[in-house]
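Student: I would like to work through this structure step by step. May I put my questions to you one at a time?

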Amino acid sequence: PYIGFGVRGTYGWIVGGKHRLGPSLGLSVEGPVPIYSTIALEPQFAWDRASKGFVVGASVGPAFLYHSSEATIRSERAFSIAPMASFRIGYSKPFSRLGKRFFIVLEPKGRVIVGNETRKTQPDLSMLISVGSGRGR
């Protein structure tokens, strides 16, 4: 298990009251960077529902991945594209009269990637904790 860091921006339109639909873009760096790392750019289509302090959502889209490994004498680098899906559940609450919303969510995420050495399809699962704020009511 490695700790990674990333940023994500989402733009959503309110549809049917509490539902929000829209594009999202994530950029993350995963792994112990000097030895093994993956940089991921993930354009997504996102759905979220925030109501009474509770938020639930999901995202789907491709992941553009750049892998780098310095674990052996010879460096290994590879680029791949993988399908990605995630599910979010957490806490969301308005915190000012300006229409800002605070949220903290737990987000399991999965990708299906092709291994560099084996060329076999394998799952790549991760768990994200997102904390932030945004415009919303």
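Student: How much area does the protein chain expose, and what share of it do carbon and sulfur atoms supply?

Tutor: Please keep in mind that this is a predicted model. The protein chain exposes about 9,100 Å². The share of this area that carbon and sulfur atoms supply is 66%.

Student: What percentage of the residues in the protein chain is buried?

Tutor: A residue is called buried when its relative accessible area is under 20%. The protein chain has 137 residues, and the buried ones make up 32%.

Student: How many helices and how many strands are there in the protein chain, and which pattern does the chain follow?

Tutor: The protein chain has zero helices and eight strands. Read along the sequence, the pattern is therefore written with strands throughout: β-β-β-β-β-β-β-β.

Student: Over how many bridges does β5 pair with β4, and over how many with β6?

Tutor: β5 pairs with β4 in the antiparallel sense, and this pairing runs over 13 bridges. The pairing of β5 and β6 is also antiparallel. For β5 and β6 the number of bridges is 16.

Student: Which residues stand opposite Ser 59 of β5 in these pairings?

Tutor: Ser 59 in β5 has Ala 46 opposite it. In β6, the bridge partner of Ser 59 is Ser 86.

Student: Which residue takes a positive phi in the hairpin of β4 and β5?

Tutor: This hairpin has two residues between the strands. In the loop between β4 (36–51) and β5 lies a lysine, which has a positive phi of about 50° although it is not a glycine. The residue is Lys 52.

Student: Is Lys 52 buried or exposed?

Tutor: The cut-off for an exposed residue is a relative accessible area over 50%. Lys 52 has a relative accessibility of 87%, so it counts as exposed.

Student: Which residues form the largest nonpolar core, and which strands each supply at least two of them?

Tutor: The largest nonpolar core has six residues: Ala 40, Ala 63, Leu 65, Ala 82, Met 84 and Ile 113. The strands that each supply at least two residues of this core are β5 (54–69) and β6 (76–94).

Student: Which residues does Leu 65 touch, not counting residues up to four places away in sequence?

Tutor: Leu 65 is one of the residues of the largest nonpolar core. Among the residues that Leu 65 touches are Ala 40, Ala 82 and Ile 113. The others are Thr 38, Ile 39, Ala 78, Phe 79, Ser 80 and Arg 111.

Student: What percentage of the contacts with a separation of 6 or more comes from residues 24 or more positions apart?

Tutor: A contact requires heavy atoms within 4.5 Å. In the protein chain, residues 24 or more positions apart account for a share of these contacts equal to 45%.

Student: How far apart are the closest N and O atoms in the salt bridge of Arg 111 with Glu 42?

Tutor: A search of the whole structure finds seven salt bridges. The pair of Arg 111 and Glu 42 links distant parts of the chain, with Arg 111 in strand β7, Glu 42 in strand β4, and their positions 69 residues apart. Both residues are buried. The closest N and O atoms are apart by 2.9 Å.

Student: Which residue in strand β8 meets Arg 111 in a salt bridge, and which network does this pair belong to?

Tutor: The partner is Asp 124, with an N to O distance of 3.0 Å. Arg 111 lies in strand β7 and Asp 124 in strand β8 (residues 121–135). Salt bridges that share partners make one network, and it joins Glu 30, Glu 42, Lys 109, Arg 111 and Asp 124.

Student: Is Asp 124 buried, exposed or partly exposed?

Tutor: Buried means under 20% and exposed means over 50%, with partly exposed in between. Asp 124 has a relative accessible area of 25%, so it is partly exposed.

Student: Which residue forms a salt bridge with Glu 107?

Tutor: Glu 107 is buried, because its relative accessible area is 1%. Its partner also counts as buried, at 6% relative accessibility. In this salt bridge the closest N and O atoms are 3.3 Å apart, and the partner of Glu 107 is Arg 88.

Key:
Residues numbered from 1 in each chain as written. Predicted model: local features only at pLDDT ≥ 70, side-chain atom pairs only at ≥ 80, totals over all residues. Heavy atoms only, no water. Core = buried A, V, L, I, M, F, W, Y, C linked by side-chain atoms within 4.5 Å. Buried < 20%, exposed > 50% of the residue type's maximum accessible area, 1.4 Å probe, protein only. Helix = DSSP H or I, 4+ residues; strand = E, 2+ residues; numbered from the N terminus. Pairing = 2+ DSSP bridges. Salt bridge = Lys/Arg side-chain N within 4 Å of Asp/Glu carboxyl O. Areas by Shrake-Rupley, 256 points an atom, 1.4 Å probe, with all protein chains shown as cover.
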